[in-house]
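Ready for a short tour? Open the model in your viewer and keep the selection box at hand.

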Amino acid sequence: MRLARFVLPLAALMLGHAGSARAASGIDAALGPVRGPLHIIGAGTGCIVGAEQLPHQGPGYTVIRAPISSFWGAPETLFGVETLAAEARAAGLAELYVGDLSGPRGGPLSGGHVAHQRGVDVDIYLDMQPKPDLSPATLNRLTPPLVVPYGATQVDPSQWSSATVTLIHLATELPGLNRLLVNPVIKRQLCESVTGDRSWLHKVRPWWGHRGHMHLHFACPAGQTDCVDQAPIPAGDGCDASLAWWFNPDGSVRMPPPAPPGAKPPTLPVACDAVLGPAGAAPPPGAEAD
Ligand SMILES: [Zn+2]
């Protein structure tokens with residue numbers, strides 16, 4: 001019951017809109033999770049109580065770059081990864097490489113990920129080649145191939161096949177999936193090549209980067225009233241002016257807009273101070289961490 005006393009005040013702290021005084025950086029991943037009922041806080045930036053860790057290997061998948069990645073998330077997110085891996089295997093696809101989920105308490109990851117803060121995001125690589133049996137040491141430093149090489153205006157044909165399309169399609173149909181981010185070149189490739197049922201293209205959204213992986217973003221799990229979902233995706237398959245916006249006249253992808261002068265890094269919700277603890281400090285009182 002110590003946890004109940006700890007968790008309930010967090011909801012009270014969610015009142016008001018002021019951000020944490022601490023910039024969203026420098027979370028100590030070594031602290032481990034805060035045990036307790038699932039409690040996801042925030043919109044974009046945020047934190048999580050009750051996160052679970054994805055096993056580093058499971059049927060149809062293995063994580064990569066484990067020493068510099070984090071594999072914690074809401075149970076719904078872990079279920080999504082395991083479901084996708086099982087479905088991909090059943091469809092005859094190659095084993096999946098899984099990248100970052102979130103830190104054990106959420107918050108910003110050391111690699112600069114702005115998302116991945118609340119246990120509802122995961123990166124899945126689009127490498128559909130048969131996977132050799134690699135040693136843990138090799139997996140720990142693996143860099144899967146890019147589907148959209150830097151400077152390219154088309155997908156690399158050697159890294160694109162019907163298997164890639166099948167994997168993305170399967171991912172869009174996972175329970176609770178809110179949206180799926182890929183490089184605009186990948187979105188355009190899908191728009192130009194998918195025939196028949198195109199309704200699943202709706203959840204495939206273009207974004208910067210994502211040249212070799214897709215980012216799965218799950219909706220806030222049921223009952224998570226302190227977790228704020230993103231705005232709904234506009235209706236349609238997205239193969240329209242909203243996609244064309246991403247491209248320069250020469251077919252290259254736009255550069256991200258520069259940050260406005262004086263822009264501050266995104267801040268965390270105040271309630272996350274109690275979950276994450278001050279940077280470098282001991283776990284918050286009442287928290288059971290490991
Ligand atoms: Zn991601």
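**Stop 1: the metal.** Select the zinc ion in this predicted model, then add His116, Asp123 and His215, the protein residues that donate atoms to the zinc ion. Zoom in on the donor atoms themselves: NE2 of His116, OD of Asp123 and ND1 of His215, at 2.0 to 2.2 Å from the metal. Along the sequence, these donors follow the spacing H-x6-D-x91-H.

**Stop 2: the two histidines.** Now colour the chain by secondary structure. Histidine 116 sits in the loop between strand 8 (96–98) and strand 9 (121–125), while histidine 215 belongs to strand 12 (residues 213–218). The pair is 99 residues apart and links distant parts of the chain.

Is histidine 116 buried or exposed? Histidine 116 is buried, because its relative accessible area is 0%, and buried means under 20%. Histidine 215, at 5% relative accessibility, counts as buried too.

**Stop 3: the largest pocket.** Switch on a surface and look for the largest pocket, which holds about 660 Å³ of space. Of its 32 lining residues, select the ones nearest the centre: Ala115, Leu181, Trp207, His215 and Gln230. You have met His215 already, as a zinc donor.

**Stop 4: the pocket walls.** Select strand 9, strand 10 (177–182), strand 11 (204–206), strand 12 and helix 6 (241–244) in turn; each gives the lining at least two residues. Strand 12 has the largest share, with 3 residues. To finish, colour the lining by class: you should find 13 nonpolar, 13 polar and 6 charged residues.

How values were computed:
Residues numbered from 1 in each chain as written. Predicted model: local features only at pLDDT ≥ 70, side-chain atom pairs only at ≥ 80, totals over all residues. Heavy atoms only, no water. Donors = N, O, S within 2.8 Å, 3.2 Å for Na, K, Ca; no water. Helix = DSSP H or I, 4+ residues; strand = E, 2+ residues; numbered from the N terminus. Buried < 20%, exposed > 50% of the residue type's maximum accessible area, 1.4 Å probe, protein only. 1 Å grid on protein atoms, 1.4 Å probe; cavity = no way out; pocket = protein on both sides within 12 Å on 5 of 7 lines; lining within 4 Å. Points joined across faces, edges and corners; volume = space filled by probe spheres on them. Nonpolar A, V, L, I, M, F, W, Y, C, P; charged D, E, K, R; others polar.
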